[in-house]
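Subject: Structure for your review

Dear colleague,

Please find below the sequence and the structure that I would like to hand over to you. A short account of what was found follows them.

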Amino acid sequence: PLSIPSLHPFYTYNCSVSTYTVGLPGPYSPPYLVRMPQSVPTSPPLNLSVVASTSTSVTLSWTPPPTQYQNGVIMGYRLQVFNTQQSLLRETNITSNGSTVNSLLPFTTYLFRVAAMTVVGRGPISVYTSVTTLLS
């Protein structure tokens, strides 16, 4: 078997083979396409924005990881909500690149992080982005 290292996940490669004798190559085989399997993303989502909508809700949006770091089809995102001591308060899966988080406390600061997911698993998570809910 032939092993080719360092191929990028979820890329399609065009492959042909040839024999080689006495310093001269033989004819190449007809090309065939090889699609590498998916992997987890290798970059977090970008541009995480969190805006206080009300005293008890915030609206979040972000952009997917850059295409070359998605390593597959982005199936969804994992959103995490923390208090200022960085204790995880809730974690949820979302299929779009935005969400509204409800049932928060008025005039309270929260931290948010998000990670992209393929069918293989979750990629790296973004840095914390903070927001303070509005005063009642």
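Val 73, Met 75, Val 119 and Val 120 together make a nonpolar patch of about 360 Å² on the surface of this predicted model. One of these residues, Val 119, is found in the loop that lies between strand β10 (109–117) and strand β11 (122–125). Is Val 119 buried or exposed? Its relative accessible area is 57%, and a residue counts as exposed when this value is over 50%. Val 119 is therefore classed as exposed.

As for the fold, the protein contains twelve strands and one helix. Their order along the sequence is β-β-β-β-β-β-α-β-β-β-β-β-β.

The overall dimensions may also be of use to you. What span does the C-alpha trace have along its principal axes? The values are about 85 × 25 × 20 Å. The radius of gyration of the protein is 22 Å, whereas a compact globule of 136 residues would have one near 14 Å.

Two further results concern the surface and the interior. The protein has an accessible surface of about 8300 Å², and carbon and sulfur atoms contribute 59% of it. Of the 136 residues, 32% are buried.

Finally, a word on contacts within the chain. Among contacts with a separation of 6 or more, 58% are between residues 24 or more positions apart.

Yours sincerely,
A colleague

Key: Residues are numbered from 1 along each chain as its sequence is written. This is a predicted model: local features need pLDDT of at least 70, side-chain atom pairs count only at pLDDT 80 or more; totals for chains, interfaces and linings use all residues. Side-chain values use heavy atoms; hydrogens and water are left out. Patches are made of residues with over 30% relative accessible area and no salt bridge: like charges are joined within 9 Å, nonpolar side chains (Val, Leu, Ile, Met, Phe, Trp, Tyr) within 5 Å. Accessible areas come from the Shrake-Rupley method with a 1.4 Å probe; for residues, only the protein chains shown count as cover. A salt bridge is a side-chain nitrogen of Lys or Arg within 4 Å of a carboxyl oxygen of Asp or Glu. Helices (H or I, at least four residues) and strands (E, at least two) are DSSP runs, numbered from the N terminus. Buried means under 20% relative accessible area, exposed over 50%, partly exposed in between (1.4 Å probe, protein chains only). The radius of gyration is taken over C-alpha atoms; the globule rule is 2.2 Å times the number of residues to the power 0.38. Contact means heavy atoms within 4.5 Å.
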